[in-house]
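Q: Could you walk me through this model, starting with its pocket and then going on to how the helices pack?

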Amino acid sequence: MHCPYCRNCDTRVLDSRVAEDGGSIRRRRTCNDCGKRFTTVEQMQLTVLKRSGATEPFTRDKAVSGVRKACKGRPVSEDDLARLGQTVEGHLRAEGWAEVPAHEVGLAILGPLRELDEVAYLRFASVYRAFESAADFESEIAMLRMEREQQQSAATG
């Protein structure tokens, strides 16, 4: 690591701490040449493998941007979307992906979005799964109703 003050590459780590979310490490360093101290943050990079074969860094903002469109006009706040982005990223990291296919990002979004808002879920799923007819919507709605009934009977029984 180069010193940001004198550009010397001989620096020493004084202290390391894992961030609260577990996704980064904060290191306090000192330069052995000029003696100044500075902080670095190391973050594990999650990469998305696009259908074209290209790769790009995963960003919560990009994952949430499509969801934001599906939530337009729905009672979903920016905080809800931020939590959803954090949940999706956490899920992908927990799965152990270093390079996650773009398709898996979409799948990771569907579950938390269904819990957040069913209408937004249907909107997002219709684009993501390329619904072609009203029958596709009907079968997805039937599945949602069946799951809801199962949850209600499990809660009461």
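A: Before the pocket, one term: helices are DSSP runs of H or I with at least four residues, and they are numbered from the N terminus. Please also keep in mind that this is a predicted model.

Q: Fine, so which helix gives the most to the lining of the largest pocket?
A: That is α1, which contributes six residues to the lining. At least two lining residues each also come from β5 (55–57), α3 (102–116) and α4 (118–128), as they do from α1 (60–70).

Q: How much space lies in there, and which residues lie nearest the centre?
A: The largest pocket holds about 620 Å³ of space. Its lining is made of 22 residues, and those nearest the centre are K62, A102, V105, I109 and F124.

Q: And what is the lining like by class?
A: It has 11 nonpolar residues, together with six charged and five polar ones.

Q: Switching to packing, how do α3 and α4 cross?
A: Their axes come within 7 Å and cross at roughly 160°. Angles over 145 degrees count as roughly antiparallel, so α3 is roughly antiparallel to α4. The crossing of these two helices is left-handed.

Q: Which residues meet there?
A: From α3 there are H103, E104, G106, L107, I109, L110, L113, R114 and L116, and they meet E118, A120, Y121, F124, A125 and Y128 of α4. By class, the contact of α3 with α4 comprises 10 nonpolar, three charged and two polar residues.

Q: What about α1 and α2, at what angle do they pack?
A: Helix α2 covers residues 78–94, and it packs with α1 at an angle of about 125°, the axes being 9 Å apart. The two helices are therefore oblique to each other, and their crossing is right-handed.

Q: Which residues make that contact?
A: On the α1 side they are R60, V64, V67 and R68, while α2 brings E78, L81, L84, G85, Q86 and E89. The contact of α1 with α2 has four charged residues, four nonpolar ones and two polar ones.

Q: Last one, is the crossing of α1 and α4 left-handed or right-handed, and which residues make the contact?
A: α1 passes α4 in a right-handed crossing, and the axes of α1 and α4 come within 8 Å and cross at roughly 115°. The contact is made by G66, V67 and A70 of α1 with A120, R123 and F124 of α4. By class, the residues of the contact of α1 with α4 are four nonpolar, one polar and one charged.

Conventions: Residues numbered from 1 in each chain as written. Predicted model: local features only at pLDDT ≥ 70, side-chain atom pairs only at ≥ 80, totals over all residues. Heavy atoms only, no water. 1 Å grid on protein atoms, 1.4 Å probe; cavity = no way out; pocket = protein on both sides within 12 Å on 5 of 7 lines; lining within 4 Å. Points joined across faces, edges and corners; volume = space filled by probe spheres on them. Nonpolar A, V, L, I, M, F, W, Y, C, P; charged D, E, K, R; others polar. Axes fitted to C-alpha atoms, helices over the stretch in contact; angles between N-to-C directions. Parallel < 35°, antiparallel > 145°, perpendicular 65-115°, else oblique. Left-handed = near helix turned anticlockwise from the far one by under 90°. Contact = heavy atoms within 4.5 Å.
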